[in-house]
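Got your viewer open? Let's take a walk through this one together, selecting a few residues at each stop.

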Amino acid sequence: MTTAAPAEAAPHSSSGSAEQTPRFRRPGRIRRIALPYLLLLPALILELLVHLVPMVMGIVMSFKELTQFYIRDWGAAPWTGLSNYEVSVDFDAPVGEALLHSFFVTVAFTLLSVGLCWLIGTAAAIYMQDTFRGRGLLRALFLVPYALPVYAAVITWVFMFQHDNGLVNHVLHDQLGLTDKPSFWLIGDNSFVALLVVSVWKGWPFAFLIVMAGLQNIPKEQYEAASLDGAGMWQQIRRITLPSLRPVNQVLVLVLFLWTFNDFNTPFVLFGRTAPQAADLISVHIYQASFVTWNFGAGSAMSVLLLLFLLVVTGVYLLLTSRGRKTADV
């Protein structure tokens with residue numbers, strides 16, 4: 001009897017220690033969980049400083065009468081409330097009318113550019129799925145516009161669009177005879193076409209890269225089965241390729257829309273500080289309102305309005321695409 005008691009107590013003590021073990025390991029588990037977040041904390045703080053602080057300052061500036069008289073001490077600029085916003089959205093006044101015109105030009109430019117980039121990129125990616133000699137070299141050539149620095153690429157197009165000795169007029173007028181006389185591509189109504197060409201040339205390789213990556217996830221057995229059932233190429237693209245690429249295309253279109261709508265480098269390098277009226281994108285228009293007329297309060301108000309518009313469009317787009325995805329799954 002005396003020897004049985006320790007034997008019975010031993011399992012009890014071992015089970016008690018097993019129950020208490022997680023309590024002693026809990027601090028170590030917390031450290032393991034918190035370590036990744038601690039490693040990301042410096043990058044998160046820098047990201048907030050780079051983006052959040054200028055955004056807050058821009059919002060504050062939009063409520064001030066910040067003109068060239070208060071640049072040295074912009075904190076001393078008087079508060080104007082919503083007057084900058086009222087001037088910006090007063091479409092009967094010159095400032096609001098010019099902003100509305102710029103907005104419509106930007107919308108038309110963005111829709112055409114995103115649509116053409118997606119169409120060309122998708123067609124090229126589908127074509128590149130077949131195996132043929134030189135496919136790797138052709139893929140690399142397709143990505144050259146996307147890999148080139150923006151300034152170098154756009155400056156090259158500036159020389160190509162020159163009126164007297166540009167390559168575009170040389171081919172269209174001198175060699176092919178498609179125009180009666182050399183065209184002015186960097187001024188007038190043709191500036192919209194020139195801007196659209198450069199934007200599509202620069203942006204479609206990104207769509208090609210994303211769609212080509214998405215095509216890798218489509219099983220080849222689906223195409224083989226469809227081919228045995230008698231489906232042609234267009235039917236396979238319509239019934240297999242496009243539905244399978246729907247999640248990829250939803251993200252791709254949104255990214256292209258945001259990039260194109262906010263594009264500043266392309267029109268600024270192509271036309272300079274003052275863009276033609278036909279190619280007056282809203283990004284360049286806000287730059288002119290801020291740094292050309294020295295009215296930073298009005299420019300900040302326009303920037304805030306642009307931010308709100310993009311947030312609303314993005315929210316509506318994500319809502320519609322999520323509902324469409326749920327309907328397709330059902």
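Select residues 140-160: what percentage of the chain is helix there, and how far apart are the end C-alpha atoms? Over that stretch the chain is 86% helix and 0% strand, with the end C-alpha atoms 23 Å apart. Keep in mind as you look around that this is a predicted model.

**The whole chain**

Now zoom out and colour by secondary structure. You should find 14 helices and zero strands. About the 330 residues: 32% of them count as buried. The accessible surface comes to about 20900 Å², and 67% of that belongs to carbon and sulfur atoms. Among the contacts with a separation of 6 or more, 64% are between residues 24 or more positions apart.

**The stretches listed by UniProt**

An unreviewed UniProt entry lists residues 33-60, 103-128, 140-160, 192-215, 243-261 and 300-320 under "transmembrane region". Give each of these its own colour if you like. Then pick out residues 33-60: here the chain is 100% helix and 0% strand, and the end C-alpha atoms sit 38 Å apart.

**Helix α6**

Next, select residues 150-160, which make up helix α6. Show the side chains of Ala153, Val154, Trp157 and Val158, because these four are buried and cover an arc of only 145° around the axis, which puts them on the same side of α6. What covers them? Add residues 190-215 and 265-271 to the view: the cover includes α8 and α12.

While you're here, click on Ile155, also in helix α6. Is it buried or exposed? Neither, as it happens: at 39% relative accessibility, Ile155 counts as partly exposed. Now add Leu270, which is 115 residues away along the chain, and check the distance between the two C-alpha atoms: 6.8 Å.

**The start of α8**

Jump to Asn190 in helix α8. With 30% relative accessibility, Asn190 counts as partly exposed. Leave out residues up to four places away in sequence, and Asn190 touches Ser183, Phe184 and Trp185. Select Ala279 as well: it is 89 residues from Asn190 in sequence, and the C-alpha atoms are 8.8 Å apart.

**Two neighbours in α11**

Thr260 is your next pick, in helix α11. Its relative accessible area is 9%, so Thr260 is buried. Which residues does Thr260 contact, apart from neighbours within four places in sequence? Show Phe109, Thr110, Ser113, Val114 and Ser199 to see them.

Now turn to the aromatic rings. There are 22 aromatic pairs in the structure, and one of them is Phe261 with Phe309: the ring centres are 5.4 Å apart and the planes are at 35°, so this pair is tilted. Phe261 lies in helix α11 (residues 246-261) and Phe309 in helix α14 (residues 296-329), so the pair ties together parts that are 48 residues apart in sequence. Try a surface view on the two: Phe261, at 1% relative accessibility, counts as buried, whereas Phe309, at 27%, counts as partly exposed.

**An aromatic cluster**

Stay with the rings and select Phe264, Phe268, Tyr287, Phe291, Trp294 and Phe296, which form one aromatic cluster. Centre on Trp294, found in the loop between α13 (282-292) and α14. Trp294 has a relative accessible area of 38%, so it is partly exposed. Take a look at its backbone too. Most residues other than glycine have a negative phi. The phi of Trp294, however, is near 60°, a positive value.

**Last stop: Asn84**

Finally, find Asn84 in helix α2 (residues 83-88). With a relative accessible area of 9%, Asn84 is buried. Where does its side chain reach? Draw a line from the side chain of Asn84 to the backbone oxygen of Ser62, and you get 2.8 Å. To see more of what surrounds it, select the contacts of Asn84 beyond four places in sequence: Met61, Ser62, Phe63, Lys64, Gly297, Ala298 and Ala301.

Notes:
Residues are numbered from 1 along each chain as its sequence is written. This is a predicted model: local features need pLDDT of at least 70, side-chain atom pairs count only at pLDDT 80 or more; totals for chains, interfaces and linings use all residues. Side-chain values use heavy atoms; hydrogens and water are left out. Buried means under 20% relative accessible area, exposed over 50%, partly exposed in between (1.4 Å probe, protein chains only). Helices (H or I, at least four residues) and strands (E, at least two) are DSSP runs, numbered from the N terminus. The arc is that of the directions from the helix axis to the C-beta atoms. Contact means heavy atoms within 4.5 Å. Rings of Phe, Tyr and Trp (its six-membered ring) pair if their centres lie within 6.5 Å; planes under 30 degrees apart count as stacked, over 60 as edge-to-face and the rest as tilted. A polar contact is a pair of N or O atoms within 3.5 Å; within protein, one must be able to donate a hydrogen and the other to accept it, and residues adjacent in sequence count only if both atoms are side-chain atoms. UniProt positions are given in the numbering used here, feature names are shortened, and annotations may be inferred rather than shown by experiment. Accessible areas come from the Shrake-Rupley method with a 1.4 Å probe; for residues, only the protein chains shown count as cover.
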